[in-house]
Structures are given as C-alpha cells and as structure tokens.
Amino acid sequence: MQDIKTVKFILCFCVLMMGVYCILNLLPVGNETEIYENTVRLHVIANSDSEDDQRLKLLVRDAVLEAVEKKGSADSKVQAVTNLSDMEEEIIEASEKVLRLEGCEDSVKIDFGKEKYPTRYYENFTLPSGTYTSLRVVIGEGEGKNWWCVLYPPLCTAASEGEAEEEFLAAGFSSEQYKLIKNNSGLKYKIRFRFLEVLSEAFGFEY
C-alpha cells in the first residue's frame, strides 16, 4: 500500500514539475520582452461605428502618418518618443483640419503613454499582446472601431516582408527578435503570445 502511495506521489510530482516547466517556457524572457520595450504603436479610435465616422477615421490616420513622416525618421525609440511628444499639438491640428474639410466638428484628443494591446496579426508579422508605448488618437467620443499600426519601427506603410524586416533591423532589433514575430515562422512563440494573453486576462497581470 505504501509503495502505491509513493508511486502516486512521484507521478504527481513529475506532472507538477512538467507543468511548471511548460509555464516557465511560455513566459516572456530576453528577446520577447525587448519587443514590448522597443516598439511604439499607433491607435486611432473613431467617433462611432457609422460608415462616415469610420471613413473619417482613415482620413485622420492618413493625416497622422503624413505629419509623422514629415518629421523624419527616428534613429531610436527614445528619439521616436521625443519626436511624437513634441508633435502632439501638430498632430491634433492636422487631424482636426482634415475633419473640418469634411464638415465634421469632432475634436481630436491625444493620449501618449502606455497602453495594453491584444495580440495583433499583420500581413508579415505578429506582435504579442502586452503593454506598449502608444500614441492614442481619439476622435470625438471615441466609441467606434479602431485602427492599429506600428510607428516605430516605421511599419505603418511597409508594403512587403522585406521592408518590414529592414525596418525592424534598422531600429535595432536582432535577427532572432524578428524571427519571433515573423508570420511564416516561430509558431512556438505565437502559442506563447496567446498563452500570455489568456493569463493576463484571467489574472490581470502586466507583462
């Protein structure tokens, strides 16, 4: 009888250790954590889900991207953050100018800071859910569907996988970091990203 209890204890212990190992293997470390830290996201939120407000959202998006592009490319995330911080009023003015030309009197608000994002699948890469530095552009009541992209590295207009990879590498990402988010590789990491998102939603922790 004692032997059976011992065997059960050993089996339970092994299962527990395997579970701990799997969880630890799925937690963000090294290269993955740096993805959160070295990226600046853009989040444009429409006034409502009406067809016209969604159309205006895209016009505001274009105005924001044009203003950022005129400012010139940043050599680092620190410079990108500085540039965007200095441009807040300029971005608001450019956005509201577009709205006024369309006969819309909605105001535009800027919130530049940390924001929690879900896992986001782009054409050539996947960014894990997590807390990123984010430029939020809110139109009117901000109750409509939103539009996301990546301001740094400057990927909002990157049209091909080659361009996306070049921008990540130019921004200081390593080849290994790019492999983590590349859409035709790194399935293990996509599972990891999703696992973290589920844990975050369930237990409310930040990563």
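Biologist: How far does α3 reach from its first C-alpha to its last?

Modeller: This is a predicted model, in which local features need pLDDT of at least 70 and side-chain atom pairs count only at pLDDT 80 or more, while totals for chains, interfaces and linings use all residues. Residues are numbered from 1 along each chain as its sequence is written, and side-chain values use heavy atoms, with hydrogens and water left out. Helices (H or I, at least four residues) and strands (E, at least two) are DSSP runs numbered from the N terminus. With 21 residues, α3 is expected to span 30 Å at 1.5 Å a residue, the expected span being 1.5 Å times one less than the number of residues, and close to that value is the reach in the model, 31 Å.

Biologist: Which residue follows α3?

Modeller: Just after the helix comes a residue with a positive phi, near 100°. That residue is Gly 72.

Biologist: In what order do the four strands of the open sheet lie?

Modeller: Two strands pair if DSSP finds at least two bridges between them, and the pairing in this sheet is mixed. The edge strands, β2 (108-117) and β6 (146-152), each pair on one side only, and the twist averages 25° from one strand to the next. The order is β2-β5-β1-β6.

Biologist: In which sense do β1 and β6 pair, parallel or antiparallel?

Modeller: On another side of the comparison, β1 (residues 40-45) and β5 (residues 130-139) are parallel over six bridges, with Val 44 opposite Val 137. Between β1 and β6 there are six bridges too, and Arg 41 has Val 150 as bridge partner in β6. The sense of the β1 and β6 pairing is antiparallel.

Biologist: Which strands does α3 touch as it packs on the sheet?

Modeller: Contact means heavy atoms within 4.5 Å, and axes are lines fitted to C-alpha atoms, for helices over the stretch in contact, with angles from 0 to 180 degrees between N-to-C directions. The direction of α3 (residues 51-71) makes about 10° with that of β6. The strands touched by α3 are β1, β5 and β6.

Biologist: How many of the residues of β1 are buried?

Modeller: Buried means under 20% relative accessible area, exposed over 50% and partly exposed in between, with a 1.4 Å probe and protein chains only. Both faces of β1 are covered, with Val 40, Leu 42 and Val 44 on one side and Arg 41, His 43 and Ile 45 on the other. The number buried, out of six, is six.
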